Amino acid sequence: MRGPIAPPQVPLAASRAEVFADLVQDSVDRLERRWPQLADIDFLVLEAPRLEGRGEQAAWSDEAVPLGGTVPAREGRPARVVVYRRPVEIRTKGRDERAALVHEIVVEQVAELLGLTPETVDPRYGED
């Protein structure tokens with residue numbers, strides 16, 4: 001038998017990247033109920049952060065690999081929140097743990113963009 005095991009509309013057929021993007025969107029949906037201005041922010045999932053610079057020094061930094069980041073709004077471009085999929089997947093074991101970490105990252109990045117504390121953005125932040 002050749003072809004996909006499950007039809008495309010079945011969750012089994014979703015790629016890891018699609019499942020991860022759904023986790024980010026679920027987190028954003030949760031926060032948008034409390035913060036409607038989040039509709040003006042772009043939320044992106046990238047595979048991994050890029051190294052800044054081009055030498056051995058840049059490649060062998062002692063800093064931890066970031067799990068997310070922000071890009072402030074400028075010249076007609078909305079602010080962006082970025083979540084890096086591979087570093088998050090490496091640090092988590094299962095879907096529930098991954099979903100919790102993704103939500104924590106989204107809350108922290110939104111808090112940074114809005115100039116608030118993570119606890120203000122989501123009162124349940126850090127309770128897990």
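This is a short walk through one protein model, from its nonpolar core to its charged residues and one unusual backbone angle. Before anything else, please keep in mind that the model is predicted.

Let me begin with the core. The largest nonpolar core has 22 residues, and those with the most contacts inside it are Val 24, Phe 43, Val 88, Val 106 and Val 110. If you want to follow this on the structure, the elements that give two or more residues to this core are helix H1, strand E3, which covers 80–84, and helix H4, which covers 95–114. Which of them gives the most? That is H4, with seven residues. As general background, nonpolar side chains in soluble globular proteins tend to be buried together.

Now to the charges, where the count comes to five salt bridges. I will take three of them in turn.

In the pair formed by Arg 16 and Glu 89, the closest N and O atoms are 3.9 Å apart. Because Arg 16 lies in helix H1 and Glu 89 lies in helix H3, residues 85–91, this salt bridge ties together parts that are 73 residues apart in sequence. The two partners also sit in contrasting surroundings, since Arg 16 is exposed, with a relative accessible area of 55%, whereas Glu 89 is buried, with a relative accessible area of 10%.

Glu 89 has another partner, Arg 86, and here the salt bridge has an N to O distance of 2.8 Å. Arg 86 and Glu 89 are three residues apart in helix H3, so about one helical turn separates them. Arg 86 itself counts as partly exposed, at 30% relative accessibility. Looking beyond this pair, salt bridges that share partners join Arg 16, Glu 47, Arg 85, Arg 86 and Glu 89 into one network.

The next salt bridge is between the side chains of Arg 30 and Asp 122, at 3.7 Å from N to O. Arg 30 lies in helix H1 and Asp 122 lies in the segment after helix H5, which is 118–121, so this pair ties together parts that are 92 residues apart in sequence. Arg 30 is partly exposed, with a relative accessible area of 36%, while Asp 122 counts as buried at 8% relative accessibility.

Staying with Asp 122 for a moment, I would like to point out Arg 34, which lies in the loop between H1 and strand E1, residues 42–46. Arg 34 and Asp 122 are 88 residues apart in sequence, and their C-alpha atoms are 8.5 Å apart in space. Arg 34 counts as partly exposed, at 47% relative accessibility.

Turning to the surface, which residues gather there in a patch of negative charge? They are Glu 18, Asp 22, Asp 26 and Asp 29. Taking one of them, Asp 22 has its place in helix H1, which runs over residues 16–32, and it counts as partly exposed at 47% relative accessibility.

My last stop is a detail of the backbone at Glu 75, whose phi is near 40°, a positive value in a residue other than glycine. Glu 75 is found in the loop between strand E2, residues 68–71, and E3. Is Glu 75 buried or exposed? Glu 75 is exposed, with a relative accessible area of 81%.

Conventions
Residues numbered from 1 in each chain as written. Predicted model: local features only at pLDDT ≥ 70, side-chain atom pairs only at ≥ 80, totals over all residues. Heavy atoms only, no water. Patch = residues over 30% accessible without salt bridge, like charges linked within 9 Å, V, L, I, M, F, W, Y side chains within 5 Å. Areas by Shrake-Rupley, 256 points an atom, 1.4 Å probe, with all protein chains shown as cover. Salt bridge = Lys/Arg side-chain N within 4 Å of Asp/Glu carboxyl O. Lys, Arg positive; Asp, Glu negative; His and termini not counted. Charge placed at Lys NZ, Arg CZ, Asp CG, Glu CD. Helix = DSSP H or I, 4+ residues; strand = E, 2+ residues; numbered from the N terminus. Buried < 20%, exposed > 50% of the residue type's maximum accessible area, 1.4 Å probe, protein only. Core = buried A, V, L, I, M, F, W, Y, C linked by side-chain atoms within 4.5 Å.
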